[in-house]
Amino acid sequence: MAKSLPYLKRSMASSIRRLSSLFPCILLTGARQVGKSTLLREIMPKGMRFVSLDDVELAHEAQTRPLRFLERMGTPLLIDEVQYAPALFRAIKKVVDENRHPGMYWMTGSQRFQLMKGVSEGLPGRLGIMELDTMSQWEIAGKGGRVVPFNPAAPSVKGAPLADRRELFKRILRGGYPELVMRPRLTAEDFFHGYLLSYVERDVQALSQVGNKSAFVKLMRSAASRTGQQLVFSNLARDADVTSKTAKAWVSILEASGIVSLVEPYYVSTSKRLVKAPKLYFMDTGLASWLNNIHTVDSLEDSLILGALVETYAYGQLVRNYRNRGRVPEITYYRDSSGAEVDFLLQEGNTLYPLEVKASEYPHITDLKHVKAIPPGRCKLAPGMVLCTAPKPQDLTHGATAFPITAL
């Protein structure tokens, strides 16, 4: 009998329990194989039943006879891959409205657009929603039970999994899929080859009837080579030999299934928006590196997209920091017609925190030279911060700071 893999605590656990105490239903979304069902099964309350709609017969029953299915399963119930039976949402609404109490149904799903359609039609006001990403560097280090949240106003490295530049590059190459984290002998090449096949065959086909799968993979590789850059559909379309309309639809699929995230440009209502295109980021740098055929630290250091992958990693850790606490981060970027650009603007309340990402170990105040071009609008503009590969925080000048990416 195969030995089961140990479980690493996920930072989101307490937020899930909190939501379950407030809503009759909770939904955990996220890309395939990020650990949604593993997390919920680990923390589900005593007496909760688990059922997976990966089982074709169960999915058929849930879709064709949803009320009977729910009656047979009872509550509390954990339903894995609920998107395979969208008829369940209306049936759950009926059951909840007849006897509403917290924590009746926990659900997972890997296809956000389909899920949100079902939620909007069947469960508005009855559901708490969270999105799980691949594991953060805090979780991988075994610190998932006690995360020190990143605070841009007073950043701290207390308890952080600090590391040098080469170790950061190893983290970028490996990424955070739990299977790769828990099985150190499994190569990224072997894992991602199988992952890509499974993703294209299951999630992509479920979301859209993609006729040319090889063209879709070409588009994924093209998008990975442009992670951290402004999204130009014509470039992706050219590389995949498809129309711009098709490229746009396929990027929507990547976003819907949690593979990429789009960051919108910052603007204020009193000024003309000078840049309209969002920036595209892969949510797991291991997958992005593999799609770029970057497999070693040396090849990453020599890569033309080193800076973009470091920026992608920093973005992913920022997002995880917020999502794992049940929050949605307000992150934009700034770029104007003169070329002045700031990688991220993180808004907390009425304050904008400019964040510039550098692969360098030696941050300098000139890294933040474009911050002064940002129109604050109604927000207070804080001093800038350089997220870099330095081993510890540093004070720059005029209140600006440098902060290690490995502490995010």
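Here are some short exercises, with worked solutions, on a predicted model.

**Exercise 1. The nonpolar cores**

Find which residues touch the most other members of the largest nonpolar core, and which helix gives the most to this core.

*Solution.* Start with the core itself, which has 91 residues. Those that touch the most other members are Ile16, Tyr199, Phe216, Ile259, Phe282 and Leu387. Next, look at the helices: α16, residues 306-323, gives the most to this core, with ten residues. There is also a second, separate core of 24 residues, and Cys25, Leu27, Val51 and Phe69 are among them. As general background, nonpolar side chains in soluble globular proteins tend to be buried together.

**Exercise 2. Around isoleucine 259**

Leaving aside neighbours within four places in sequence, list the residues in contact with isoleucine 259.

*Solution.* Going up in number, begin with Ala31, Tyr177, Tyr195 and Tyr199. Continue with Met220 and Leu254, and finish with Tyr281, Phe282, Met283 and Leu287.

**Exercise 3. The two sides of a helix**

Work out how the buried residues of helix α5 are placed around its axis.

*Solution.* First pick out the buried residues of α5 (residues 88-98): Leu88, Phe89, Ala91, Ile92 and Val96. Because these residues cover an arc of only 160° around the axis, they lie on the same side of α5. Then turn to the other side of α5, where Arg90 and Glu98 are exposed.

**Exercise 4. Empty space inside**

Count the cavities of 30 Å³ or more, and describe the lining of the largest cavity.

*Solution.* The structure holds four such cavities. The largest cavity contains about 70 Å³ of space. It is lined by 14 residues, and the closest to its centre are Ala31, Thr134, Tyr177, Gly258 and Met283. Sorted by class, the lining has seven nonpolar, three polar and four charged residues.

**Exercise 5. Two loop residues**

Decide for isoleucine 305 and for proline 45: buried, partly exposed or exposed?

*Solution.* Take isoleucine 305, in the loop between α15 (297-301) and α16. Its relative accessible area is 14%, and the cut-off for buried is under 20%, so isoleucine 305 is buried. Leaving aside neighbours within four places in sequence, its contacts are Ala224, Ser225, Asn292 and Ile294.

Now take proline 45, in the loop between α2 (36-43) and β2 (49-52). Its relative accessible area is 36%, so proline 45 is partly exposed. Proline 45 also lies 31 residues from proline 76 in sequence, and the two are 8.5 Å apart in space, C-alpha to C-alpha.

Terms used:
Residues are numbered from 1 along each chain as its sequence is written. This is a predicted model: local features need pLDDT of at least 70, side-chain atom pairs count only at pLDDT 80 or more; totals for chains, interfaces and linings use all residues. Side-chain values use heavy atoms; hydrogens and water are left out. A nonpolar core is a set of buried Ala, Val, Leu, Ile, Met, Phe, Trp, Tyr and Cys residues joined through side-chain atoms within 4.5 Å. Buried means under 20% relative accessible area, exposed over 50%, partly exposed in between (1.4 Å probe, protein chains only). Helices (H or I, at least four residues) and strands (E, at least two) are DSSP runs, numbered from the N terminus. Contact means heavy atoms within 4.5 Å. The arc is that of the directions from the helix axis to the C-beta atoms. On a 1 Å grid over the protein atoms alone, a cavity is a set of points where a 1.4 Å probe fits but cannot get out, and a pocket is an open set with protein on both sides within 12 Å along at least five of seven lines; lining residues have an atom within 4 Å of a point. Grid points are joined across faces, edges and corners, and a volume is the space filled by probe spheres set on the points. Ala, Val, Leu, Ile, Met, Phe, Trp, Tyr, Cys and Pro count as nonpolar, Asp, Glu, Lys and Arg as charged, and the others, Gly among them, as polar.
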